[in-house]
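Dear colleague,

I am passing on the structure below, together with some notes on what turned up when I went through it. Please read the notes with the structure open beside them.

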Amino acid sequence: MGIVNEFKQFVARGNVVDMAVGVIIGLAFGQIVSSLVSDVVMPPIGLLIGGVDFGELAIVLREAENGVAAVTINYGLFIKRVVDFLIIAVVVFAAIKGIARLQRKEEAKPEEPAAPSNEEKLLTEIRDLLKVRQDD
């Protein structure tokens, strides 16, 4: 039963739950970025370079024959994946920079000066009293 209890404690920690939520959101974000690249970014690029559909760009190594599929190098799909990666990298970079900026602003807030200690208060009173006597 010791291993089961340790596992329960591990799963119940907040950082494990946060990580799980991050993975789920990351997967959903990946699908959004893939759709952005496939459906929004690549069609205009393909149109600009002559109406090319990047999904169909491939080098045929062996033609299909006798019910055996063709062997191809799908470099168009690779280009899409590279664009996916670049967009994700830019978004993650921007998010990290934004978080770092927020953390710096929190750190940059000036701390309130500490209240003077009893010794400092007493020395201030003595100084003020000495000034009063010198003025008389």
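K80 is a residue of helix α3, and in this predicted model K80 is buried and yet takes part in no salt bridge. The nearest side chain of opposite charge is that of D53, which lies 4.6 Å from K80, and the cut-off for a salt bridge is 4 Å, so the pair does not count as one. Setting aside residues up to four places away in sequence, K80 touches V37, S38, M42, F54 and G55.

D84 is also found in helix α3, and for this residue too I asked which side chain of opposite charge is nearest. That side chain belongs to R81, at 4.8 Å, and D84, although buried, has no salt bridge. What the side chain of D84 does have is a polar contact of 3.3 Å with the side chain of S34. Once its neighbours within four places in sequence are left aside, D84 is in contact with V33, S34 and V37, and V37 is likewise among the residues that K80 touches.

The last residue on my list is R101, which lies in helix α3, a helix that spans residues 75–108. Is R101 buried or exposed? With a relative accessible area of 45%, R101 is classed as partly exposed, because that value falls between the 20% limit for buried and the 50% limit for exposed. Along the chain R101 and E119 are 18 residues apart, and their C-alpha atoms are separated by 40 Å.

With best regards

Technical notes
Residues numbered from 1 in each chain as written. Predicted model: local features only at pLDDT ≥ 70, side-chain atom pairs only at ≥ 80, totals over all residues. Heavy atoms only, no water. Helix = DSSP H or I, 4+ residues; strand = E, 2+ residues; numbered from the N terminus. Buried < 20%, exposed > 50% of the residue type's maximum accessible area, 1.4 Å probe, protein only. Lys, Arg positive; Asp, Glu negative; His and termini not counted. Contact = heavy atoms within 4.5 Å. Polar contact = N/O pair within 3.5 Å; in protein donor to acceptor, adjacent residues only side chain to side chain.
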